[in-house]
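I opened this entry to look up two things: the ligand site and one pair of strands. My notes follow the order in which I checked them.

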Amino acid sequence: MSNPIKNIGVLTSGGDAPGMNAAVRAVVRSAAYHSIKCVGIYQGYQGLIDDKVKVMNARSVNNIINKGGTILKSARCLEFRTKEGRQAAYKTIEKHQIDALVVIGGDGSFTGAMIFQEEFKLPVIGIPGTIDNDIFGTSHTIGYDTALNTVIEAIDKIRDTAISHNRLFFVEVMGRDAGHIALNAGIGAGAEEVLIPEENLGLERLLDSLKRSEKSGKSSSIVVVAEGDKTGRNVFEIAEYVEKNMPYYDVRVSVLGHMQRGGSPSCFDRVLASRMGVYAIESLLEGKSNVMIGVKNEQMILSPLEKAIKGKSEINRDLIRVSDILTV
Ligand code: ADP
């Protein structure tokens, strides 16, 4: 039987992440390797609705493996959440005779892909690209490793000024629902405490810990706070509370913000994205659909999109223990 997939569309959607370009490159080049046509869709689902489609060949993705962001651009598209929007998107699929779609994004993008697949029976494959690492079915998402490296580099710099002035720094990192970045970067940067969404360590415990370390001779400290930490206060309120109770410390807040999304992807993310892109095309050619590519114990795996969306990616609780021990 001849292969029914002759033309594959690829898009990046939702929050951008370093390594998305490496994934686009891998998808486009693998399609070329298998002599399949490939089109890039610009601005995620919005580009599908607005017919922003460009034919891509192996040379269209030269010199992008090292670039942050996404050359295909990304977007949050409200229209795609409506049946009418998805119908308009499907018109573009028909116009360009796209036989399958590779969606590089987070769980929101996968929800859209799953609904689209159900409505129009178009084969779809998800590649997890998000710095938060909050997707079930993969130990690592594309962009997470780069973001961790960016965060520890920033905290290392903050440490220099903290030491010079006997300061206590509260550093807010991304992670509204997941503490992966905070916990790993906290350990990697040698933070005194880490506040994460998964566990309420309590402000009193934080104060006790900071007082203990001050007594033990520490003159400066760094506390890493995930955006969505469970204390119910934002990073400025936490800092204010601690400053009131520990007046001898010069307390400062640093919100790292969007710089965590940018930058050249790490080697780990480039390799991961390359493997995932290749595996996405191979899986489509084997007739797989409605699944997400993941990595587990170094091996590529597939999970149903529904599981990837509904499942919860758990933090490694042993890291909390390690963090506690090392701040003695
Ligand atoms: P991420 O993919 O990073 O989680 P979003 O949650 O913003 O980012 O989702 C990206 C896009 O996916 C949205 O802008 C929207 O176009 C599409 N999407 C998300 N949820 C749905 C849904 N329930 N139905 C249809 N499309 C959706």
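The entries below cover the ligand first and the strand pair after that. I am working from a predicted model.

**Ligand site**

I first looked up where the ligand sits, and found it in the largest pocket. I then listed its surroundings: there are 16 residues around the ligand, and R76, C77, G106, G108 and S109 come nearest. Sorted by class, the shell holds four nonpolar, eight polar and four charged residues. I also asked which element gives the most to this shell. That is helix 4, residues 107–120, with six residues.

**Polar contacts to the ligand**

I went through the contacts to oxygen atoms of the ligand one by one. R76 places a polar side-chain atom 2.7 Å from a ligand oxygen. For D107 I noted a polar side-chain atom at 3.2 Å from an oxygen atom of the ligand. G108 makes its approach through a backbone N or O atom, which lies 2.9 Å from an oxygen atom of the ligand. I then looked up the cover: on its own the ligand has 560 Å² of accessible area, and the protein covers 83% of that.

**Strands 10 and 11**

Next I turned to strand 10 (residues 291–296) and strand 11 (residues 299–304). I recorded that they run antiparallel and are joined by six bridges. As one bridge pair, I wrote down I293 with its partner L302 in strand 11. What do the two strands form, and how many residues lie between them? They form a hairpin with two residues between the strands. In the turn, N297 has a positive phi of about 45 degrees.

Definitions and conventions. Residues numbered from 1 in each chain as written. Predicted model: local features only at pLDDT ≥ 70, side-chain atom pairs only at ≥ 80, totals over all residues. Heavy atoms only, no water. Pairing = 2+ DSSP bridges. Helix = DSSP H or I, 4+ residues; strand = E, 2+ residues; numbered from the N terminus. Near = heavy atom within 4 Å. Polar contact = N/O pair within 3.5 Å; in protein donor to acceptor, adjacent residues only side chain to side chain. Areas by Shrake-Rupley, 256 points an atom, 1.4 Å probe, with all protein chains shown as cover. 1 Å grid on protein atoms, 1.4 Å probe; cavity = no way out; pocket = protein on both sides within 12 Å on 5 of 7 lines; lining within 4 Å. Sits in = over half its atoms within 2 Å of the grid points. Nonpolar A, V, L, I, M, F, W, Y, C, P; charged D, E, K, R; others polar.
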